[in-house]
Amino acid sequence: MALDHAKHLPVLTIGSGPANSIRGGAFLTGVKDALVVDVGGTSTDIGVLTNGFPRESALGVRIGGIATNFRMPDLVSIAIGGGSTVRLGDDGRVHVGPDSVGYRLPQEALIFGGQQATLSDAAVARGRARFGSHPVNATDALAQALAHADHVIAEVLLTRWTGFGRYGSTLIGLVITVSLFGWFGIQTAVFAEGLHSMVPAIPLWAWCLITGLGVTMLVLREFPAMGWTAFITVPAFLGLAGWAMTVQISQHSFADLTASPPFGTEMSIATGATIVAGSYIIGAVVTPDMTRFNRSTGDVVKQTLIGVSLGEYVLGLAGVLLAYAVKTSDVIAIITASSGVAGVIILVPATVKINNWNLYSCALGTLSAVESLFRVRLNRVRVTIVTGVLGSIAAAAGILGAFTDFLTLLGVLTPPIAGIMVAEYFIVKRWRPQLDASRALGRLPDTEPTWVPATILIWLAASTIGWLSEHFRWWGIPAVNSLLLGGIGYVIAGALGLIRGRGETTFEQPEHPAAALEPS
């Protein structure tokens, strides 16, 4: 259409926006026949490209209630766009739209430094788009909330078809939830000790309540507050760790540090390995669910192997060497000796960053477990407040003193889960065909077992024997003992035909399965 003609009859430009986007798709890609998706700020239009041009609608078009015979592209429009808001409701579910920031995306979206999470932020967080001036990545609250929308944070879904069934999976989720509650109380106590060292006039128990309730308020503010906490504190903490290592290694011989005797109460290799194993195994158990959202095998490798290598080994070894250099396991003393008060100031918000995720995920896990077991949906805000208050009280009551016992219990309770999952998936394969068939369709199985009694008994027996082997100093490493007993016991039970689900129920598929969102 010539410019003069458009100026003379501007009404003929109605529908030119989506028509030009469809035509533009052909121009930019060279493809002549395709579906074109035009994502706007408040809506999305889907049109058909035929021989390089938009397919016209065969239906009459009504504009403002008036029937017209204008030539219009054949479109399907949905009320969701790049500016549609993303928020976590009081029911614990993620809500998208119907409100949108629209044309104010550059002022209000997280990727431009704003305070509102939008679908554009989701696209950037998932790596499916690259624009904006502020990074929003998988560690931010937005990505975690989106993961929760597909049932990732709250439950360990794949355990339902790797030996445990629906309610066994819920029990695992409860174990993880309780562990997160314990970590929240412990991290709150560490946070409080840091502040108490700078302001000793306020009692430690009071600092525990202040810091715990402060983190609770932060979590209640959701996306922006939690996202900015991660954005600021993670680089600062990594820089602090690097500086502390530089200072201490320059004053000590690396060989002397690795060969020096224990500076406190001696601990056996078996006990130490068991203490580390609990949290490590929890990470391993939830990894299959978390990596369902990764775009490629390479991303899985980066998230798991590289992430574990950096987090568990490099930073873990650095922490051990720093403790040996300063001759104390007190985190505050270690940081103060290396970086002074400035280091403690960095450590405090870094602890907040870790702890807000402990509380956030613990609250979601509680919501999911109650809904799964009792079909009752609790209010997320109330659950978060109650959890935060109880965790703060636990910190004030001295939960930090039970840190070693807490880690030891996790170290014998969680390894059998991994052993059973591996045994089911690779050896027994009772539900493996269902997983294989559903994976080909880009979804999870349509049905799930409710209970698998033999699995629960094997899990409890392996955990009990692991705990007894730690308590009475039996042979071997307790965590490894419980891991092997869980896996071997499951294989034997499978060979005897004891692995059977008691009842079966329909699995409610996520509204947007991760595989369906992945690029082909």
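**Exercises on aromatic rings**

W183, F403 and F406 form one aromatic cluster. The model is predicted: local features need pLDDT of at least 70, side-chain atom pairs count only at pLDDT 80 or more, and totals for chains, interfaces and linings use all residues. Residues are numbered from 1 along each chain as its sequence is written, and side-chain values use heavy atoms, with hydrogens and water left out.

**Exercise 1.** Classify the ring pair of W161 and F507.

*Solution.* Start with the rule: rings of Phe, Tyr and Trp (its six-membered ring) pair if their centres lie within 6.5 Å; planes under 30 degrees apart count as stacked, over 60 as edge-to-face and the rest as tilted. The whole structure holds eight aromatic pairs. For W161 and F507, the centres are 5.2 Å apart and the planes stand at 85°, so this pair is edge-to-face. Next, place the partners: W161 is in the loop between α5 (141-149) and α6, and F507 is in the loop between β10 (502-506) and α19 (514-517), 346 residues apart. Helices (H or I, at least four residues) and strands (E, at least two) are DSSP runs, numbered from the N terminus.

**Exercise 2.** Now do likewise for Y167 and W451, and find whether each is buried or partly exposed.

*Solution.* Their ring centres lie 5.5 Å apart with planes at 35°, so the pair is tilted. Y167 belongs to helix α6 and W451 to strand β9 (residues 447-451), 284 residues apart. For burial, recall the limits: buried means under 20% relative accessible area, exposed over 50%, partly exposed in between (1.4 Å probe, protein chains only). Y167 has 16% relative accessibility, so Y167 is buried; W451 has 33%, so W451 is partly exposed.
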